[in-house]
Amino acid sequence: MSFRATILTLYPDMFPGHLGLSLAGRALERGDASIEPVNIRDFATDKHRSVDDTPAGGGAGMVLKPDVLATAIDAVSPEGDMRPRLLMSPRGRPLTQARVRELAEGPGAVIVCGRFEGVDQRVIEARGLEEVSIGDYVLSGGEPAALILLDAVIRVLPGVMGNAASGTHESFETGMLEHPHYTRPQVFEGREIPAVLASGNHKAVDEWRAAESLKLTRARRPDLLAGQSAKEARGKPPPQLQGEQILLRPAREQDVADRLALGRDREIVQMFGSELAENDSYSRSEAERFIDGLRQHPHAWVIEHEGRFLGEIRLDDIDRQHRRARLAVGLFDPGKLGQGLGREAIMLVLKHAFAKMRLHRVDLRVLSYNTRAIRCYQACGFREEGRERQAALVGGKWHDDVIMGILAPEFRAA
Ligand code: ADE
């Protein structure tokens with residue numbers, strides 16, 4: 001599969017730029033990747049072909065118009081296009097090697113290059129744009145940032161780097177900066193190559209490199225080491241669980257766009273005991289926080305259906321001593337309710353909880369008026385164990401929480 005990048009820009013001539021040369025140039029020639037620049041101005045509708053306007057509320061600079069950009073995005077990325085939509089912006093989340101690898105494993109990307117002061121927030125939300133920054137400095141436009149992102153992605157595509165092993169020991173791949181390198185001559189301006197590198201002792205060489213790498217990372221990028229211990233503390237992500245119609249897998253950054261696109265449905269929100277205010281839209285930062293929360297949770301899965309994020313399922317409050325946990329599940333697309341997808345997800349997680357984690361008991365809470373969910377839990381083998389009276393105030397009325405549970409032998413017998 002080839003990686004297909006479509007770039008929305010006001011400066012299509014900036015592409016492919018340096019990517020037409022060297023390693024990336026050969027990858028483009030072979031067709032391992034393609035870069036198609038598209039001029040946003042082609043989608044302007046007025047006689048001046050204007051693409052920007054003054055900022056609402058006043059202030060300096062100009063803002064890219066939402067209607068023009070939305071039309072351009074829809075033209076290059078119609079419904080069904082599985083490529084993530086990125087917006088290069090200094091406000092974005094910092095690009096990481098992990099995100100680069102993730103992008104390289106996918107079908108490509110639609111990349112919007114901002115100019116001027118920025119892009120109208122509504123098109124960012126309406127088209128699910130993932131804002132990506134390449135560093136804490138401001139460029140005059142997103143084009144060089146897009147070129148850098150594509151450079152990083154193309155070089156890790158299968159078959160692009162000659163020596164497949166090169167890459168996996170590099171800076172960031174291991175969570176650390178890489179050790180220093182040396183080559184002939186043996187003495188350069190009075191400086192010698194460290195003796196261990198000429199010793200022929202591979203174990204000693206590896207140890208020396210690891211120690212140098214750690215020393216350098218400590219000195220220059222202590223944040224990477226802090227990140228690593230956070231990752232270690234988080235432990236292994238939960239394993240992928242494959243069902244017939246769904247896949248349960250750890251959350252990834254790309255899920256933010258799908259979560260954002262699903263937004264907040266009034267009825268679904270009510271089933272979780274909340275209420276939607278008028279015009280209460282679901283923002284990108286809420287979607288980011290939601291997905292980050294899943295990524296940091298040791299037993300949270302994304303429910304993927306037809307290749308897209310559909311919901312979440314978690315085992316919360318795991319108590320190893322008493323071998324119990326609390327189940328929470330949410331599907332966010334009202335059009336996908338009632339098709340047995342939630343039930344399939346719950347059965348997969350229960351099987352994992354009882355067979356692999358050796359839990360004895362899984363329980364949950366559900367609002368008494370959420371009869372659809374209660375029926376689903378019953379079908380999975382949960383029994384009502386009691387009620388917490390008037391536990392939630394929704395729509396000006398008090399409602400009970402139903403407590404339901406299932407034990408390992410009950411699950412096995414079913
Ligand atoms: N556009 C302007 N500055 C940028 C940055 N630092 N990263 C990504 N896009 C940008």
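The paragraphs below lead from the domains of this predicted model to one of its sheets, and then to the residues around the ligand.

A good place to begin is the division of the chain, for which the domain assignment of the protein gives domain 1, covering residues 3-155, domain 2, covering 187-233, and domain 3, covering 241-413. If the centres of domain 2 and domain 3 are taken over C-alpha atoms, 45 Å separate them.

The next step is a sheet. Here 5 strands form an open sheet with parallel pairing, and their order across the sheet is E2-E1-E6-E5-E8. Strand E2 (33-39) and strand E8 (130-133) are its edge strands, since each of them pairs on one side only. Neighbouring strands of this sheet are not perfectly aligned, for on average they are turned by 35° against each other, when direction is ignored.

It helps to follow the pairings one at a time. Strand E1, made of residues 3-9, runs parallel to strand E6, made of residues 108-113, and 5 bridges join the two; within this pairing, Ile7 has Ile111 of E6 as its bridge partner. E6 also pairs with E5 in the parallel sense, over 4 bridges, and here Leu86 has Ile111 in E6 as its bridge partner. Ile111 is therefore a useful residue to find in the structure, as the bridge partner in E6 of both Ile7 and Leu86. E5 pairs in the parallel sense with E8 as well, over 5 bridges, and the partner of Met88 in E8 is Val132.Helices accompany these strands. Helix H2, which spans residues 66-76, lies across E1, E2, E5 and E6, and runs at about 160° to E1. Helix H5, spanning residues 143-155, packs on the sheet and touches E1, E2, E5, E6 and E8, while its direction makes about 175° with that of E1.

With the sheet in mind, one can turn to the ligand. Which strand gives the largest share of the shell around the ligand? That strand is E5 (residues 85-94), from which 3 residues of the shell come. The residues around the ligand include Met88, Ser89 and Pro90, and further along the chain Gly114, Ser133, Ile134, Gly135, Tyr137, Val138, Leu139, Gly142 and Ala145. Met88 thus appears twice in this account, once among the residues around the ligand and once as the bridge partner of Val132 in E8. Sorted by class, the shell around the ligand has 7 nonpolar and 5 polar residues, and no charged residues.

Conventions. Residues are numbered from 1 along each chain as its sequence is written. This is a predicted model: local features need pLDDT of at least 70, side-chain atom pairs count only at pLDDT 80 or more; totals for chains, interfaces and linings use all residues. A residue is near a molecule or strand if its C-beta atom, placed from the backbone, lies within 6 Å of it. Ala, Val, Leu, Ile, Met, Phe, Trp, Tyr, Cys and Pro count as nonpolar, Asp, Glu, Lys and Arg as charged, and the others, Gly among them, as polar. Domain bounds come from an automatic or database domain assignment. Two strands pair if DSSP finds at least two bridges between them. Axes are lines fitted to C-alpha atoms, for helices over the stretch in contact, and angles run from 0 to 180 degrees between N-to-C directions. Two residues are in contact if their C-beta atoms, placed from the backbone, lie within 7 Å.
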